[in-house]
Structure formats: C-alpha cells, structure tokens
Amino acid sequence: MSIMKKILFTLLLLIPVLTATARQRQLFDAGWLFILGDKPSMASPDYNDASWRHLNLPHDWAIEGDFRDGNPSGAGGGALPGGIGWYRKHLTISEEEASTLKTKKYWLAFDGVYMNSTVYVNGKEVGHRPYGYSSFQYDITPELKVGDNVIAVKVDNSDQPNSRWYSGCGIYRHVWLTTTSTLHFDHWGVQVVTNAKGDVVVNAKYTDESGSSLRPLLRSTVLDASQRVVATKEGSNATLKLHVSRPHLWSIANPYVYTVKTELVIGGRTVDEVCTTTGFRSFRFDAKTGFWLNGRNFKLNGVCEHHDLGALGAAFNEDAMHRKLTRLKEMGVNALRCTHNPPAPELLDMCDTMGIVVLDESFDMWRRKKTKNDYARFFDEWHERDLSDLVKRDRNHPSVIAWSIGNEVLEQWTSTGSDELTLEQANMILNAGHKVVNTDGLHPNSILTKHLAQIIRDNDPLPEGKEWKTSFRPVTAGCNEPDPGNLLFKSGAIDLIGFNYHHQWIKDVPKNFPGKPFFMSESVSALMTRGYYPQPSDTILMAPSRWDLPYTDPSMMCSAYDNTHAPWSATHEETWNAVKHTPYCFGQFIWTGFDYIGEPTPYGFPARSSYFGIIDLAGFPKDVYYMYQSEWTKKDVLHLFPHWNWLPGQTVDMWCYYNNADEVELYVNGKSQGVRRKSAPEPQEEWYRLHNRLCLDSTEFHVGWRVKYEPGEVKVVARKNGRVVRSEVIKTAGAPDHIRLVVDYDGRKLDKGIDRPMADGSKVSRQHLVFVNAEVVDKDGNVCPDADNQIFFSVDGATIAGVDNGSESSLERFKADNRRAMFGKCMVIVAPNEGAAVSLKARAVGLHDATINF
Ligand code: GAL
C-alpha cells in the first residue's frame, strides 16, 4: 500500500470512532432524589434511597426552612438553616450506549453548588469543589457501566457562618450532561475575541483521547442574529482569524449578538462543535472622561446584586432573574456588578442580549477571613483554579467589560493578624510553578494582588496588535480604603480605581491616582422599607450612628424617604450628585438594586433581609426607583409619595420625582400647595457641607411640600412651557374591601434571548414562572396603604413556588400558600404546569375574593 493509501485507510477506519458522537448537551436537572442528612454510605450505589424526596434542580433546601435566631448562619446569613444534604440521581446506560463508552465521553457539569460539594459516580469520588459559586465539570466516563448508574452529590454547608449574606444550600444552579467524542474541545476551551472593526479571533484548545494521530481541522463560522453566515474560516492551527464586514455593533440600546460556531473536523466530518455568543464593540475607560462604548461617552449607572431570588432563595430560575433584570433596565440601569462572586451563567447570557454591561467579580475575601468559616480557608489551595475558571467561563460574553479580583478584602491593609501572608509564604504560594512576580520591595498583599491580576490576564489574553486595545478588559477591585497607600492600589496591578463608598474622597482622585480611570465600585447603602413613611422627612438619619453600635427601633423598618443610610454610606441623592457631576468618575454600582436575604443592617434578628435595595425583596419598587428613572431614562416620570391616609390635621411631607417638565404644583382637595422646581446643580463642596440637612422643598433630584392632611385627594400636576403634561392623583383609601390580582411578570410570554437551539437543534426546556401581585383595595380600587390582611392563595394548573411581601423582618415562610400583606401588597410566584391554563384564587378574611386566569 502506498503511504497515501495507508493514510487514507487509517482515516477511514478512524472516522466512525471519532464521529460516533457529536456533542450533545442536555439539562440534567430532572428526577433527583434528596435527603437532608449525612451518612458516608449515601455515596454507595447500593444505598437504599427509595424513601428520599423526589425533586428537580435547581434546589435550595435552606429557603424551605424556618427563620430562627439560633440558626448558625446568623441573621447576617439570612437566619435560615444550613447542614449537610445529599442528592442522588440514577442514570441508565443501555447496552448500546455502553458499547460506545470507549469512543464517547460523558461530562457532568455543575453551574453552582453551595458549598463543599463532592460528587461520586457508582461510589467512586470524581471530584470535590469547596467554592460554592464556581462552575465545574467532571469526566464521569470511566465510572459508567451498563445498567443503573448512581450519581451522588454530598453538599456540606454545615460549617457556619461562612458568608456575610444568604448563600442558600444545595445544587442551586443547573446541572448538565454532555456527551462528546473522544476528540473534543476542552471545557471553556474556545475563546472568541472580537473588536468593533469586525475582526474575530478564535483560539481553541482541544484534547484528543482517541489514540489517533490525525490532526483535526478547525473551522469557525460566524452567524448573524438571523442565523445567516457572515464569515467562515478553517485551518489546521488552533487559532483562526475571521472578519465580518460592517458588523452591527453591540451596545446598551441595541445589544446585537452574533453566534460563532466552532467545529473540529476530521475527514470532512464534524467531530465536535461549540457555539459561542459574541458581539462587536469597542470600549475604553479614560482617566479624564470616563467610560466609552463604541465612541459614545456615558456613565455606568449600575447596581450591585447578590445571587438570591427572594422567595425562591438561591435556586436559580431564568424567569426570576429576567424579571429582576427587566425591572432594573426599566429604571435605567445599564451596568451590573455581580457581588461578590461568580454569577449564574445564564445571568450573563441575559446581560448579553438585554444590553447590560457586567463587572464580573470573583471573591469577597482572600486569605483573611470575614466570617469564621468562609472561603479564606480554601483560598491558598483553590484561588488559582476558581479565578481562572471564572475568567475562562465568562470571557466570551460581550457584556463583560471588567474583572474584579475581590471586594473589600482585608489585604488592603497591613496588619499583624495571624492570617496575614508573610513574604516567604507569598513566594511559596504565589510563585511556585508560576511566573515569578517581581517582589521589588512590595508588601506581600500587593504581590498577591499582582498575582491575581496576572491570573486574569493569562486567561483572558488579547491578540497582538493595537487594534485590540479597545477589547481590553481591565482588572479592578472594590476597595473601601480610598487612600493610595491601599496595598492593592500600591501593587500597580489595578487598572480601574474603584472606591466602595467614601465619595468625599472623589475630589482627590486625580491627585492621588494620576492617569487612572476611576469609579464608585460600590455606593449608597441607603436604608428603606417600602411603604413606611415616618414624619417628618427632612432629617438625615444614620443607622446605626456608628458602625459598631447597635440600632433599635420597634418598627424594625427604615423610612422610605431617601433620608436614612448606614454610617459608612450616604443617601441616593447625595451619591448620585457626586457621581453625576464628576466627569472623571465613570459611574457607580449602587448597593443594591434589589433587597437580598441576609445582612439586615441596621437591625438584628428578627430582621433577616436587607434594607438596601431600590426594589424590595418581593419586587415592588421603593420610591427612589423613580428618582433614578427620572435621571437615567428618557421616560416621562412623575412620582408622588407617600399615600394619602393620615389623621386629619397631621403634617405630612409629600415628595415628588419628575422629569421632562419645568415645574410641578401640588393640590390638596383642589387647593394649591405651591409650585416647585428642582434646583440647579449644587457644587459638591456645598453639598457635603449641607450633609445632614436635607432640603425638603427642592434639590436637583426631587421637590417636596409640607402639608396638612385632610381626607380626599392629593394631586400633582407637571407643566412644560406652561402646559400641563402629566398629573398624578392619590386618594384617601376607604376600608379594605377586596383583593386585586395583577400579573406582574409572565415568564412564558417573554423571549429572554437565551433560548437559541443547542448544537443538536434541541431547545432547553426551562421552568417558567408567573409573578402575581395581590393588592388590598377599597371598594373603588384604591390601595389601602395600611392593610396587612393574611392572603391565602390556591391555584389550578400550576404550583405555588413562593410568596413574599417585601418585609425585611417577617418570619413567615417563603414556601407557603399564604402571606400577610405589607402596606397593602404581597405577591405569589406560580409555576405553571407545562402548557396548562392557570387559574389563581386569592382569599382573605373579611375581603372579597379575587381570581385571575392566565
Ligand atoms: C459593603 C460590602 C457589601 C455590603 C455593604 C453594606 O461594605 O462590600 O457586601 O456589606 O457594605 O453596606
């Protein structure tokens, strides 16, 4: 046989082996068994799991529990239970499938398990992962056999406290089963880099376990949003360069995404294939002018978000997350900081298609712990893996524009604390086996900073050439030490100077950090309870008065006027004033968009969720939502508050947020209370001086009136050029009469932009949710602002996934069929049965029922 023939012959023999399986990725969420408890034998395939509970993932067992003062997570962690739980799933491998086990790979991928998970297949450990926010994948092929296979996952969240907020417990994100050929792309092995000129560089890493010496061809194809091929290239190297002429740019207003299909090809046949979402955009951060996207300069109006989904706990659901992002986007949010850990992958998919830029964050602590059992104990061994996995997983997203190596890590300061890194340790831990970091007199904590930044740069490399500069993702960290002596800043490795709070230091930034882009990585931390309006409203309250002092108030609430904040922070208006009028501050990430479970500053138990949100835990906007909407969007805003149910003669402060008008006038039962105009911008210094003296009548962001209450109605009218352009009326509500049900969000009807077909043409089937608000109203339909009726829900064609009312201190369970209204409102989350028509009924003692069909 000639050499050519021999090669051809080998090729023909190998093709069936290599093409036995193209990649198939399926959701592996359904049909798991669960028990809260722990025995080593639960890993064993023979363990009798017949009595275990049946459930589908994602799942969070803590959210099903009761709030208790004694729960070891503490109120800071949400006061819900922890413990150890086991999950098992039986996977049947047929004779036919078993016969392909030598030519096929089975990969089991977990998007997130909190925490300390160990995965066993047929009793054999296949992997362990301490960090509860990392995504990871195991090769389970060697352990599989014909017949019943048992996958067992131990989840250990018993060492508490280990978080400063509610973490959740369990396999709380999706699980995927992927099969590939023995010649396959590595996990997150395909990197796609683009620029605004339409250049695309694909770097692919693959592994060949087929035993063949044939080199595959790499092929990439770029498809536009209508799946039209706009570029294709193939070659035998691991890197391909493509070009899309006149690409649609990815922007906040028009987040146009392309798909890059990358294939490994042998003998003309595709052996493996992955699809990557990408977008073409240029961005840069400028020390003088701030953020630029595609040549447009604007502020990043961002919020920080934890991962919990309120009443659903940590259990991820696309609809619940999409509802959050939609509400934030409607407020004018264009940026999100995933605090303080890797987010669910689908969150980034949604930001890609919704037009929200992301600051992707890794850790809340490094070596020095913040709570007794937190990630600090795993940092030395795991940080490199966790950080590089985050970057590899997320680097292709057009929405991701910067990386954060940490939040308020205690390594910002020198300390004599026992857990500080010595120089010797630094060299051992950081340099052994890595590029040697230049220690040039740097403090070990600065060396650590450099090391972490380097891990990011190594995993998010850019192609050579200056045309790629505008795709460079900088490294930052949320720092609550604004002094240039901060050891993270001193490392020189921080590209973007990010202050957490300390807006009073903004004015010194150009002097202290010459040439460095700057932003408020975290800001505000104001405190508010939706619907609670203690009078008067014009005194600023710091709660507590010092960070280490207790704060008590029998209400367990905080005023919904923008006048209360934590000692390290400021009101919304004060911070926005500073950010808005500082051209070199490229934006802020407000703490927080939504309330979250845990960290109930300023209170302790029974408070168990935060007061920081612009939107409450149930999804009801607090009033300040409209301040941002009036500033950050072009939508017409006229928002008057509070309600109009007081004691006759009582003095009430009425506030109003508005835009697109010259003036507003307030009327009580037809009598004018005066015309107000928002004031011109005040110089920052002046603003700081005025701190603690809030101006009720008018600021740059709101106007107000102090009025005497009389039953009837209060009305605000907005005028532009002397003409009435909008008005809003609030009426005194009568006695509670009936319940009104309103669909707030129906996930079945909305395209989340993430449901593109998989490589094999199938679609992922996702659990949809419908959020329904229940309002207690009088006979004329006015919301009764003091109503707290217990509302009972029942549903046909669906199950109830959770209930909430936004209270930070209610100890009612989230997993229930009833909820007390708070200030007239509560809500229920309904999970419709596939294809079913749903009928939801709400009842309460003394009120007329309500039914809604959807
Ligand atoms: C910051 C911290 C956040 C949160 C916030 C509350 O210092 O980064 O995680 O704790 O304070 O104000």
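Start by selecting residues 83-179: the UniProt annotation, from an unreviewed entry, labels this span "domain: Glycosyl hydrolases family 2 sugar binding". Colour it by secondary structure and you'll get 51% strand against 4% helix, with the end C-alpha atoms 33 Å apart. Keep in mind that you're looking at a predicted model.

Now switch the colouring to pLDDT. The protein chain averages 93, and 92% of the residues score at least 70. For a spot that scores low, pick residues 7-20, where pLDDT is below 50; this stretch still has 18 contacts in the model beyond near neighbours in sequence. Then jump to residues 432-436, also under 50, with 7 contacts beyond four places in sequence. Don't over-interpret the atoms here: where pLDDT is low, the predicted coordinates should not be read in detail.

Next, select helix H5, residues 376-394. What separates its end C-alpha atoms from the span of a straight helix? They sit only 23 Å apart, whereas 19 residues in a straight helix would reach 27 Å. Centre the view on Trp-382 and you'll find H5 bending there by about 80°.

Last stop: an open sheet of 3 strands, ordered S31-S32-S35 and paired antiparallel. S31 (638-641) and S35 (703-708) are the edge strands; each has a single partner strand, so one side of each is left without a neighbour in the sheet. From one strand to the next, the twist averages 20°. Zoom in on S32 (residues 651-658), which pairs with S35 over 6 bridges in the antiparallel sense. To finish, show the side chains of Met-654 and Trp-705: the two residues stand opposite each other, with Trp-705 in S35.

Terms used. Residues are numbered from 1 along each chain as its sequence is written. Side-chain values use heavy atoms; hydrogens and water are left out. UniProt positions are given in the numbering used here, feature names are shortened, and annotations may be inferred rather than shown by experiment. The expected span of a helix is 1.5 Å times one less than its number of residues. The bend at a residue is the angle between axes fitted to the seven residues ending there and the seven starting there. pLDDT is the predictor's confidence in each residue, from 0 to 100. Contact means heavy atoms within 4.5 Å. Two strands pair if DSSP finds at least two bridges between them. Axes are lines fitted to C-alpha atoms, for helices over the stretch in contact, and angles run from 0 to 180 degrees between N-to-C directions.
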